[in-house]
Amino acid sequence: MAVDESVAVLSLPASTLERVSRATVQDAVQYFSPDCVTIPGTRTGNAYALARDSAPNRPVIHPQLGHGGGPIEHYRYALETGVHEVSDTASSAETIDLLAVQSRDVLSRLETQLTTGERQTGDNAATFLFVPQLTIDWNPTTLSTTLPNAKQLAAISAALSEPVTVLAGGQPAEYYHEWTLTHNCSSVRVPIAGLGATTRGGSKFAQYTCTTHGSVAAEAVDADRFGLTALHGVGQATAQQLHRRGCETIDDVRNVSVTDLTGLSGIGRTTAEKMHAHADVIESGEPLVLTNKTPVKTRDDRPPICLDIETDGLSPSIIWQFGVYDPATDSHQAFIEKQHPTNPKPVLEAFMTWFLATHGDRTVLTWNGHGFDYRYITQFLNRYCPAYVDAWDDVWTYDLYKWAVRDGNVLLPGRTNKLDHVARALGYESAGTGLTGAQTAVAYQSFMRNPDDPERALDWDRHETYCEDDCRALWHVYEAITDATRRDMTDSGAGGADGRQAGLTDF
């Protein structure tokens, strides 16, 4: 499976940096290990200083300060050199350009520079445009949205032959939408991704995988998942008690005895043991299994096969991709609906016929399968292919997320329990497709509406790679858990004085 060339950009919103500790920011930078950092939001020297201190030897993009003598900052990424500031206007091949404007008012100047050739970007790659306080306007009366500076953004995109993606500092990290704009009587498609500067939905840090194809995928994590509050049983009240005892970092907690931790108000022995163990897990990057239970049973010595599905949304009308990874042969098989996007039966029947004929006696493994994959496979079988229902019911199916997280059998180093977050924390190197599950769903919805429009056709190989990546990540997590150290803590209670429990997140 090929890995795409990409640059990792960590967004540390100014509004969040103003109220979190230095240790929290350092923990986030260490966890994400970005190529560069950006600070969306308002102009703030304190936030810039904190980011520079926490991310040494990495470019920090914050043009709002106006440092460097200009309202436009231009950085370039290449595999050999990493991210560096552009000292001249010459373009280069196979690069990713990062352009950041001081404010929306500067977009007209950037448009002029790109149109006249005064500023040039790399050939055959992609440009990512940072607009620190760009926010989509919402009209609650007409229930409609408006993109500010649409004229300038369309002109900038049209001026460049390579893909242009706008990173909007005023939109939450979960926001992604491809706008269709008009420039000189022609349509221009401009993807807009949120940089997470808004406080809606809580404060978040987010890392963006920006690829040479112009795609971008955000890994957003709540800010309180870093620093002391990342630990099992630690909320704000317990974190304050730890601060008073001289603990500033997770590593500091490792150096405090369990007995001393039980001296904290509301912290019992079992919670203190898990808190201490979780500090070891996060610092080492190795999971800890808390029981003697086995996550999966198989009929023979062959490993479980890993299954992932892609749908057109969280309440799907179609399962349009089935991906199966077989660790025994290191092979992946995909079933994708490209011809009948409004008919769920053909792809479902193709998958089921192949699976039952070749792997019907194998154990199947998913991540949150009981909450999604198995649930909808069964639902669609009952409706469209009832002849296969009994055979599917006989298949041994397991959900590693349920066993590890919901049943509390494992402490994991990921700061959320989403599969890609956990896998990366356990050392998995993803394919870097620049896609998220939400983006794949939205892309297929667009294809369903206009299946004959070539502009709506998906990059099928990229979407197949995304699904395969999830399957391989699942196997990586499974191996890490089965190889992990075990410590029987079955009598340990969940949560602590703050009512915080490991695993209450993500789905």
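How many salt bridges does a search of the whole structure find? The search turns up 17 salt bridges, where a salt bridge is a side-chain nitrogen of Lys or Arg within 4 Å of a carboxyl oxygen of Asp or Glu. Before we go through some of them, a word on what you're looking at. This is a predicted model, in which local features need pLDDT of at least 70 and side-chain atom pairs count only at pLDDT 80 or more, while totals for chains, interfaces and linings use all residues. Residues are numbered from 1 along each chain as its sequence is written, and side-chain values use heavy atoms, with hydrogens and water left out.

Let's start with K204 and D222. These two form a salt bridge, and their closest N and O atoms are 2.7 Å apart. K204 sits in strand β13 (residues 204-211) and D222 in strand β14 (residues 216-222), so this pair ties together parts that are 18 residues apart in sequence. Helices and strands here are DSSP runs, numbered from the N terminus: H or I with at least four residues for a helix, E with at least two for a strand. How hidden are the two partners? K204 has a relative accessibility of 17% and counts as buried, while D222 is partly exposed at 30%. The words have cut-offs: buried means under 20% relative accessible area, exposed means over 50%, and partly exposed is in between, using a 1.4 Å probe and protein chains only. There's a third player too, as E174, K204 and D222 are linked in a network of salt bridges.

Next, hop over to D326 and R362, another salt bridge, with the closest N and O atoms 2.8 Å apart. D326 belongs to strand β17 (residues 319-326), and R362 to the loop between α10 (345-359) and β19 (364-366), so the pair ties together parts that are 36 residues apart in sequence. Both D326 and R362 are buried.

Now for a salt bridge inside one helix. D251 pairs with R254, and the closest N and O atoms are 3.3 Å apart. Why are they separated by about one helical turn? Because D251 and R254 are three residues apart in helix α7 (residues 250-254). D251 is partly exposed at 31% relative accessibility, and R254 is partly exposed with a relative accessible area of 31%.

Time to look at whole helices. Helix α15 (residues 437-449) has 13 residues and reaches 19 Å from its first C-alpha to its last, close to the 18 Å expected at 1.5 Å a residue. That expected span is 1.5 Å times one less than the number of residues. Which residues of α15 are buried? They are Q439, T440, A441, Y444, S446, F447 and M448. What covers them includes the strands β11 (176-183), β14, β16 (305-311) and β17, along with helix α16 (460-482).

You can follow that last neighbour more closely. The axes of α15 and α16 come within 11 Å and cross at roughly 145°. Axes are lines fitted to C-alpha atoms, for helices over the stretch in contact, and angles run from 0 to 180 degrees between N-to-C directions. The contact (heavy atoms within 4.5 Å) is made by G437, T440, A443, Y444 and F447 of α15 and W460, H463 and Y466 of α16.

A second helix pair is α4 (residues 107-116) and α5 (residues 150-159), which pack at an angle of about 20° with their axes 9 Å apart. That makes α4 roughly parallel to α5, a label for angles under 35 degrees (over 145 is roughly antiparallel, 65 to 115 roughly perpendicular, and the rest oblique). On the α4 side, the contact is made by L107, S108, L110, E111, L114 and T115, and on the α5 side by Q152, L153, A155, I156 and A159.

Look at the loops leading into these two helices. V106 lies in the loop between β6 (96-101) and α4, and V106 is buried, with a relative accessible area of 9%. Leaving out residues up to four places away in sequence, V106 touches P71, I72 and V101. The C-alpha atoms of V106 and I72 are separated by 7.6 Å, although these residues are 34 apart along the chain. N149, in the loop between β9 (144-146) and α5, has a positive phi of about 60° although it is not a glycine.

Most residues other than glycine have a negative phi. S33 is another residue with a positive value, near 50°. You'll find S33 in the loop between α2 (22-32) and β2 (36-38), partly exposed at 46% relative accessibility.
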